[in-house]
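Me: I should like to go through the sheet of this model and ask, for each term, what justifies its use. Please set each value against its criterion.

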Amino acid sequence: MTEHKNISGYSIYNLEAKKRTKINPLEDLYPSLPNKKYQIIYADPPWDYGGKMQYDKSSIKTVNIGFEKNIFISSATFKYPTVKLKDLKKLDVNSIADDNCLLFMWTTGPQFANSIELGTSWGFEYKTVAFVWDKQIHNPGRYTLSQTEFCIVFKKGCIPSPRGARNIRQLVSVPRGEHSVKPTEVIDGITKMFPEQQKIELFARNNYFGWDNWGLEIPESKIEIQCSRDKKEKDLFLDKDTLFSAVNQ
């Protein structure tokens with residue numbers, strides 16, 4: 001029993017956490033950027049949270065005496081190699097930015113100040129919040145419950161022209177999916193706003209038609225941008241077809 005009192009949740013799962021932490025497989029910090037200029041850059045930086053792990057109540061000794069039950073732990077470092085701000089600044093994004101260029105960057109509340117500092121270091125001026133993602137599922141927060149993420153926009157030079165759609169909504173309300181996966185409604189909205197510009201997604205994990213991509217996890221084959229609303233409409237259309245077919249049999 002005395003031995004159990006000296007056990008902590010962290011000590012039990014420290015080795016497991018080290019095992020699950022993702023490591024950059026490259027010799028250099030980053031792969032090479034394209035030798036090309038872009039008018040639209042879309043980035044989801046792998047923000048570093050200092051290896052902070054999230055535990056549920058099973059990590060509390062009074063709840064899980066002797067830690068006989070598994071303890072839930074989660075960390076961004078388990079999903080992808082995170083990068084510290086000082087190293088993100090080393091990425092020469094300005095070298096691929098055209099004279100007139102917009103940078104759309106994903107950030108969270110704790111990283112908001114860092115994201116503005118990063119965009120400025122890349123040669124851009126912060127302008128506004130372009131998209132607010134309501135994830136419809138909240139996490140505990142130190143102040144209010146955390147339910148949103150932000151895609152902010154920076155500008156270099158002038159807004160690229162010609163413009164496309166001007167009625168894209170700022171608020172995107174889509175249920176949260178897998179860790180760090182962003183709603184395709186945002187890249188779809190950017191594409192509709194700037195359909196004719198040269199566009200690149202940084203730290204990408206998809207390979208969309210109409211976009212160049214850069215990162216460690218890019219699939220070889222191109223795919224269409226498929227929004228959750230489009231899938232719902234497609235499923236509804238298929239259901240109607242199935243119903244119509246059944247009625248006429």
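Me: What joins strand 5 to strand 6, and through how many residues?

Reply: The model is a predicted one. In it, a hairpin of six residues leads from strand 5 to strand 6.

Me: How do you know that strand 5 and strand 6 are paired?

Reply: Pairing requires at least two bridges between the strands. Strand 5 and strand 6 are joined by nine bridges and run antiparallel; they therefore count as paired. One of the matched positions is Glu-125, whose bridge partner in strand 6 is Lys-155.

Me: What makes strand 8 and strand 9 a pair, and in which sense do they run?

Reply: Three bridges link strand 8 (residues 199-202) to strand 9 in the parallel sense. The criterion is at least two bridges, so the pairing stands. Ile-200 has Asp-212 in strand 9 as its bridge partner.

Me: Why is the pairing of the sheet called mixed?

Reply: The open sheet has seven strands in the order 7-5-6-4-1-8-9, with mixed pairing. Both senses occur within this order: strand 1 and strand 4 are parallel over five bridges, whereas strand 4 and strand 6 are antiparallel over seven. In the first of these pairs Tyr-42 stands opposite Phe-104 of strand 4; in the second, Met-105 faces Ile-152 of strand 6. Strand 5 also pairs with strand 7, in the parallel sense over three bridges, and Asp-134 has Ser-173 in strand 7 as its bridge partner.

Me: What makes strand 7 and strand 9 edge strands?

Reply: Strand 7 (171-173) and strand 9 (212-214) each pair on one side only. The order 7-5-6-4-1-8-9 accordingly has strand 7 at one end and strand 9 at the other.

Me: Why is strand 4 called mostly covered?

Reply: A residue is buried when its relative accessible area is under 20%. Of the eleven residues of strand 4, eight are buried, so the description as mostly covered follows from that cut-off.

Me: Which helices lie across strand 4, and what angles are reported for them?

Reply: Helix 4 (residues 112-121) lies across strand 4 (97-107), strand 5 (125-139) and strand 6 (146-156), at about 20° to strand 6. Helix 5 (residues 184-193) lies across strand 4 as well, together with strand 1 (38-43), strand 5, strand 6, strand 7 and strand 8, and runs at about 170° to strand 1. Angles run from 0 to 180 degrees between N-to-C directions, so about 170° means that helix 5 and strand 1 point in nearly opposite directions.

Terms used: Residues numbered from 1 in each chain as written. Predicted model: local features only at pLDDT ≥ 70, side-chain atom pairs only at ≥ 80, totals over all residues. Heavy atoms only, no water. Helix = DSSP H or I, 4+ residues; strand = E, 2+ residues; numbered from the N terminus. Contact = heavy atoms within 4.5 Å. Buried < 20%, exposed > 50% of the residue type's maximum accessible area, 1.4 Å probe, protein only.
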